[in-house]
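Me: I've got a structure open and want to check some of the labels people put on it. Can you walk me through the reasoning?

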Amino acid sequence: MSPNIDSPVQTQMAVAIPNGRFNFEYLANKKMEGKLAGRRRIFVQTETGFVLGMDLDRSDNAHTVKRKLQLAFNVPTDESSLTFGDLVLKNDLSAVRNDSPLLLTRNLLHRSSSTPCLSPGARDLQQRDQSGPIEILGRSTCSNYAERLVKDIVKGINNGVDPVTVNGGLGGAYYFKNKRGMNVAIVKPTDEEPFAPNNPKGFVGTALGQPGLKRSVRVGETGYREVAAYLLDYNHFANVPFTALVKISHSIFNVNEGVNNKKPQERKLVSKIASLQEFIPHDFDASDHGTSSFPVSSVHKIGILDIRIFNTDRHAGNLLVRKLDGVGMFGQVDLVPIDHGLCLPENLEDPYFEWIHWPQASIPFSEEVLEYIRNLDPESDVKKLKTELPMIREACLRVLVLSTVFLKEAAAFGLCLAEIGEMMSREFSRSEEEPSELESICIEAKRLIAEKDMFSSDSEVEVDVGNLDDFLFDMDCGELDSDILPKMVDEYHIKSPFSFRGGNGRNPLSKLEETFEEEEESDGEEQPPRLNGFACPPAQVAVSKLSMSLKYTSLNEKSQRLQSAKTEGSSSGNRSAEEQVAGSMCFVKLDDMGKLEWGMFIEKFRELLYPAFADRKSVAVAQRQRLGTSCKF
Ligand SMILES: Nc1ncnc2c1ncn2[C@@H]1O[C@H](COP(=O)(O)OP(=O)(O)OP(=O)(O)O)[C@@H](O)[C@H]1O
């Protein structure tokens with residue numbers, strides 16, 4: 001990879017100073033001052049995309065932050081929620097790291113009120129927001145390379161070189177340049193994704209945090225996923241370009257009319273949270289080029305990444321092709337995978353693997369590739385993501401674990417890339433979408449656990465704040481089955497009235513209780529817990545969540561859902577994300593299991609894999625034999 005960087009290594013970041021140019025030493029000093037004072041910097045994004053950088057003092061808590069935000073956005077503290085990934089922050093901010101993005105949403109009950117917009121009080125806060133034009137959020141991506149890239153872009157901006165809008169794709173994207181006018185990075189603001197409030201291409205309609213183009217990827221969360229794919233691509237095995245999450249300010253960014261008080265034709269400096277990816281000079285994308293020249297090893301390496309991250313959007317346009325026409329290399333190309341915003345869904349979906357029918361995918365893996373797969377460790381992947389991207393949701397991490405286990409076992413069994421991809425892909429039978437083999441194995445694993453009553457009532461209610469937040473997500477999707485709820489609540493009370501005890505002896509709802517207690521303390525009177533505005537008794541929340549799980553995993557229910565979902569086309573293999581806007585069904589949920597149950601599920605899942613692989617092999621052999629016979633004639 002050859003970045004167009006033209007400046008020496010700098011270890012400081014950029015910041016704005018009064019004359020409008022950017023000074024690096026100033027920021028370094030500010031950062032040092034902040035560290036010494038134990039301060040943290042956070043970036044609060046509203047659901048309409050406005051971003052405000054804030055410095056937190058040690059004494060700050062969610063209430064004090066919300067009070068400052070009330071000044072800035074005119075949203076009363078009790079009408080808004082502050083979230084950090086799965087966590088709904090009620091008081092304690094200890095989980096929030098330096099440079100973290102937080103989302104401020106209006107509670108559902110107050111959504112009809114006007115959307116948050118800047119008030120005069122915001123100016124004070126903005127003045128104290130000492131952000132530079134680009135700040136990298138997160139730790140590991142803040143390398144020397146990243147800092148050089150940022151510095152180059154800032155030099156470009158200071159030298160009057162404007163970024164340009166990227167025409168392709170459904171979301172807003174911009175090429176940022178160095179001072180010589182060369183593209184050095186592509187920036188994709190999270191509030192310009194398809195369906196987000198500031199999408200410049202007409203695909204608007206949803207607030208950040210709501211289901212998006214893919215139901216199990218929320219609007220505004222594709223940027224994290226782009227970074228996750230980069231972080232998981234150890235040793236640049238698959239060639240994912242450098243990617244980081246940034247807060248970036250520029251007047252080129254799109255703000256739709258009416259959003260955040262935007263007036264027609266108005267262009268002003270706006271700050272966004274965005275993914276920033278190294279620009280890769282290339283000659284084509286894979287849709288413009290015959291695939292036969294693609295190196296087998298590149299296809300395998302990208303395919304392995306796609307499987308691990310459960311990529312639902314690997315269409316040909318998301319593979320850049322570079323010609324390597326050096327001496328003795330005529331005709332050879334290099335592949336660069338881009339656009340990983342729709343990987344790591346919150347539930348199993350229908351993945352999309354363009355390479356699935358390419359001949360390279362049917363060639364057995366090399367020893368080098370097998371060795372890489374053997375060394376993959378889903379637990380350390382999870383640790384890495386939790387450390388570097390703490391806002392990544394637990395549900396996404398479960399998908400990562402499941403698909404990595406699947407890949408490792410399948411490769412060890414001797415399956416090739418195409419076979420593994422096919423087992424993960426859904427089929428269409430009589431115009432109905434059917435679960436993939438992978439999903440069927442999951443459904444069976446869940447069924448066996450339930451049948452043997454392997455999980456106790458304890459684990460049923462072991463639910464964390466992430467699940468509670470997802471409860472809201474389900475409600476937003478309009479899928480809460482009110483018929484089920486009262487019944488499940490009754491069952492719950494019979495089984496274990498308020499005995500939330502997890503395996504570790506700690507109340508699994510303790511995180512939640514902690515926030516309730518804090519709420520009580522601060523308000524002086526007892527209030528039911530609120531989830532983005534809904535008053536929810538903890539038991540009811542836990543149980544309704546469970547009811548959702550049972551609803552999804554019941555095969556009868558599944559067939560009912562299948563009946564009602566008549567899907568066009570004959571094979572998912574020909575559909576890209578754009579064509580799946582309607583959203584595919586959820587056959588099996590992974591985020592509805594308590595920790596204990598999840599552990600048992602993964603064990604059961606592993607046990608079921610070998611028979612399934614053997615089945616697949618025998619079908620493949622039978623097909624080959626039939627083909628052999630027909631060739632004789
Ligand atoms: N790292 C990169 N280097 C060079 N060009 C890039 C890079 N990433 C994206 N592009 C170009 O920008 C275009 C749009 O980018 P991308 O596909 O990531 O956007 P998107 O809005 O998410 O698209 P889609 O609608 O396909 O999901 C790509 O088709 C490609 O031409």
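**Ligand contacts and a helix**

Me: What makes the pairing between the ligand and aspartate 339 a polar contact?

Reply: This is a predicted model, and in it an oxygen atom of the ligand sits 2.8 Å from an N or O atom in the side chain of aspartate 339. The cut-off is 3.5 Å between N or O atoms, so the pair qualifies.

Me: How do you know that the ligand is covered by the protein, and how much of it?

Reply: On its own the ligand has 610 Å² of accessible area, and the protein covers 87% of that.

Me: Which elements give two or more residues to the shell around the ligand?

Reply: Those are β9 (183-189) and β11 (270-278).

Me: What about glutamine 277 and isoleucine 280: what makes those polar contacts?

Reply: A ligand nitrogen is 2.9 Å from an N or O atom in the side chain of glutamine 277. For isoleucine 280, a ligand nitrogen is 2.9 Å from a polar backbone atom. The limit is 3.5 Å, so both count.

Me: How do the residues of the shell divide into nonpolar, polar and charged?

Reply: Eight are nonpolar, seven polar and four charged.

Me: Now helix α11: how does its reach from first C-alpha to last compare with what's expected?

Reply: Helix α11 (437-451) has 15 residues and reaches 21 Å, close to the 21 Å expected at 1.5 Å a residue.

Me: And why are residues such as Leu438 and Ile449 in α11 called buried?

Reply: Buried means under 20% relative accessible area, so that is where they fall. Others buried in α11 include Ile441, Cys442 and Lys446.

Key. Residues numbered from 1 in each chain as written. Predicted model: local features only at pLDDT ≥ 70, side-chain atom pairs only at ≥ 80, totals over all residues. Heavy atoms only, no water. Polar contact = N/O pair within 3.5 Å; in protein donor to acceptor, adjacent residues only side chain to side chain. Areas by Shrake-Rupley, 256 points an atom, 1.4 Å probe, with all protein chains shown as cover. Helix = DSSP H or I, 4+ residues; strand = E, 2+ residues; numbered from the N terminus. Nonpolar A, V, L, I, M, F, W, Y, C, P; charged D, E, K, R; others polar. Expected span 1.5 Å × (residues − 1). Buried < 20%, exposed > 50% of the residue type's maximum accessible area, 1.4 Å probe, protein only.
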